[in-house]
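Work through the exercises below with the sequence and the model open side by side. Each task is followed by a solution in steps.

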Amino acid sequence: MPLRHSGGGAATTRGLALDMIRAARTISRVELAAGLGLTSPAVTRIVRDLLVEGLVRETGRGPSTGGKPRTLLQIDPRSRYGVGVHLERNTCVITVVDLAGEPVCRTVLPGAAEVPPERMLPRLADEIHALLAATGVDKAAVVGLGLVTYGPQDWRSGVLLTPQPNPQWLDYPVARRMADLVQLPVLLDNDANAAAIGEYWLGTVDLTSTYGCIYLGTGIGGGVVVAGEVYRGSSANAVEIGHISVDVDGAPCTCGNNGCLERSAGPEAVVRQAWTTSNLARRLGLDPKGRDPQGGDFLVDFSRITTAASSGDPMARSLVERSARHLGGAAVTLTNLFDLDFIVLAGPGFGSAASIYRSIIQNEVDRRWFSRRAHPVRVVTSANGSDAAAIGGAALILQRELVRPRAGSSGDRTVRAGRMPSQS
């Protein structure tokens, strides 16, 4: 079946061809033409341009089917790179990813809990330049930077609409300032969206799949990918499953809703429940004194709880299983809304308890999904581990610069040095 992309801005035919070659690993021109629904001469012209640009190379011949063996094509992974930055309060991960979606280097910095953007962004720029120099990656081959962090975000102006990582980041022109510092195109996006698209770029999913991502970090995020494109809605702030109300009479959330999923199943909720269980708190060394939930300090205690749960501690496991059942309900909702093929669990929050979460969420989906007789829905853990968002950030900028519309076209959200995004 010919490949078609849906969702946001339309991809170029050249971009679709590049994406198909990347995903297939090796492919012939005949297969490419069939997959794209194009004539042989049209594909020949596209491939010629990709070869000239160095994005694609010929790599031997495939097996004979009775005639002349077909010449195979593949991505030249080291022809282009993307930089991904995942910025949180407690940590910041920087990674460089090649055109095949594989990480080539990474570094981790302290987060921005108490650091204003005027200090944090120059630090990030210095680390990026040092990382490229240390690994021998030519900056001329870097297409841009995907900066992923908290939502909601204003994609038109490249700013955060939340006082995270701290209040000084609210309404700060983070994308434009970062573009000026690194002299690269910068795309600001949500960490859950990034984690979702990273799975596609690593080749772990089928080109035509519709799948969801549940991201567990300091909070709970979600993303949906349809045939290689993130579903964004009208303002690129879609699929915020952490702020679905699971209890209409529940406690108010900082988002303005009541009884949000994060209040029942997020890391902070699990830790608060553990703090009230004196026996467990004492055994695991959990201490609420000095912990700043808004700062993400509770993740230290959450990691202790998930580690204990995976080691068989019954009290810790009970808390994790309760969290997993709530996430299972969110997964059912996500599947009912988007008719998913599978769901990816990503983010550092799953950690050592990933198998517990996966098993329980899978059971909830199998038992409660509305269209379960139509086809199965698999729940899997991310191929990218705790770096899923950073790797996905790099994949997003590679996709935007090489596959999706160029700067100035409708729907472009990339910021370049010295200018704001298109207002179209």
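The exercises concern a predicted model and cover sheets, a helix pair and backbone geometry.

**Exercise 1. The sheet of three strands**

Task: Determine the strand order of the open sheet formed by three strands, and find which strands stand at the edges.

Solution.
- Step 1. Reading across the sheet gives the order β1-β3-β2, and the pairing is antiparallel.
- Step 2. β1 (27-28) and β2 (56-61) each have a single partner strand, so they stand at the edges and one side of each lacks a neighbour in the sheet.
- Step 3. For the register of β1 against β3 (residues 71-75), look at the two bridges that join these antiparallel strands. Ile 27 has Leu 73 of β3 as its bridge partner.
- Step 4. Now add the helix: α1 (residues 13-24) lies across β1, β2 and β3. The direction of α1 is at about 95 degrees to β3.

**Exercise 2. The sheet of five strands**

Task: Establish the order and pairing of the open sheet of five strands, then place helix α13 relative to the sheet's strands.

Solution.
- Step 1. The order is β6-β5-β4-β7-β10, and the pairing is mixed.
- Step 2. The edges are held by β6 (103-110) and β10 (186-190); each has a single partner strand, so one side of each is without a neighbour in the sheet.
- Step 3. Ignoring direction, neighbouring strands here are turned against each other by 20 degrees on average.
- Step 4. One parallel pair is β4 (residues 81-87) with β7, joined by six bridges. Within this pair, Tyr 81 is bridged to Val 142 of β7.
- Step 5. Helix α13 (residues 388-402) lies across β4, β5 (91-98), β6, β7 and β10. The helix runs at about 135 degrees to β4.

**Exercise 3. A pair of helices**

Task: Describe how α8 and α11 cross, and sort the residues of their contact by character.

Solution.
- Step 1. The axes of α8 (residues 267-275) and α11 come within 10 Å and cross at roughly 150 degrees.
- Step 2. The crossing of α8 past α11 is right-handed.
- Step 3. From α8, the contact takes Val 270, Gln 273 and Ala 274; from α11, Leu 319, Arg 322 and Ser 323.
- Step 4. Sorting these residues yields three nonpolar, two polar and one charged.

**Exercise 4. Less common backbone geometry**

Task: Locate the cis peptide bonds at Pro 152 and Pro 165, and the positive phi values at Asp 171 and Asp 339.

Solution.
- Step 1. Recall the background: most residues other than glycine have a negative phi, and most peptide bonds are trans.
- Step 2. Gly 151 and Pro 152 are joined by a cis peptide bond with omega about 0 degrees. Pro 152 lies in the loop between β7 (142-149) and β8 (153-154).
- Step 3. Gln 164 and Pro 165 are also joined by a cis peptide bond, with omega about 5 degrees. Pro 165 is in the loop between β9 (159-160) and α5 (174-182).
- Step 4. The loop between β9 and α5 also contains Asp 171, whose phi is near 65 degrees. Asp 171 counts as exposed because its relative accessibility is 51%, and the cut-off for exposed is over 50%.
- Step 5. Asp 339 has phi near 50 degrees and sits in the loop between α11 (314-338) and β14 (342-346). With 42% relative accessibility, Asp 339 counts as partly exposed.

How values were computed. Residues are numbered from 1 along each chain as its sequence is written. This is a predicted model: local features need pLDDT of at least 70, side-chain atom pairs count only at pLDDT 80 or more; totals for chains, interfaces and linings use all residues. Side-chain values use heavy atoms; hydrogens and water are left out. Two strands pair if DSSP finds at least two bridges between them. Helices (H or I, at least four residues) and strands (E, at least two) are DSSP runs, numbered from the N terminus. Contact means heavy atoms within 4.5 Å. Axes are lines fitted to C-alpha atoms, for helices over the stretch in contact, and angles run from 0 to 180 degrees between N-to-C directions. Buried means under 20% relative accessible area, exposed over 50%, partly exposed in between (1.4 Å probe, protein chains only). A crossing is left-handed if the near helix is turned anticlockwise from the far one by less than a right angle, and right-handed if clockwise. Ala, Val, Leu, Ile, Met, Phe, Trp, Tyr, Cys and Pro count as nonpolar, Asp, Glu, Lys and Arg as charged, and the others, Gly among them, as polar.
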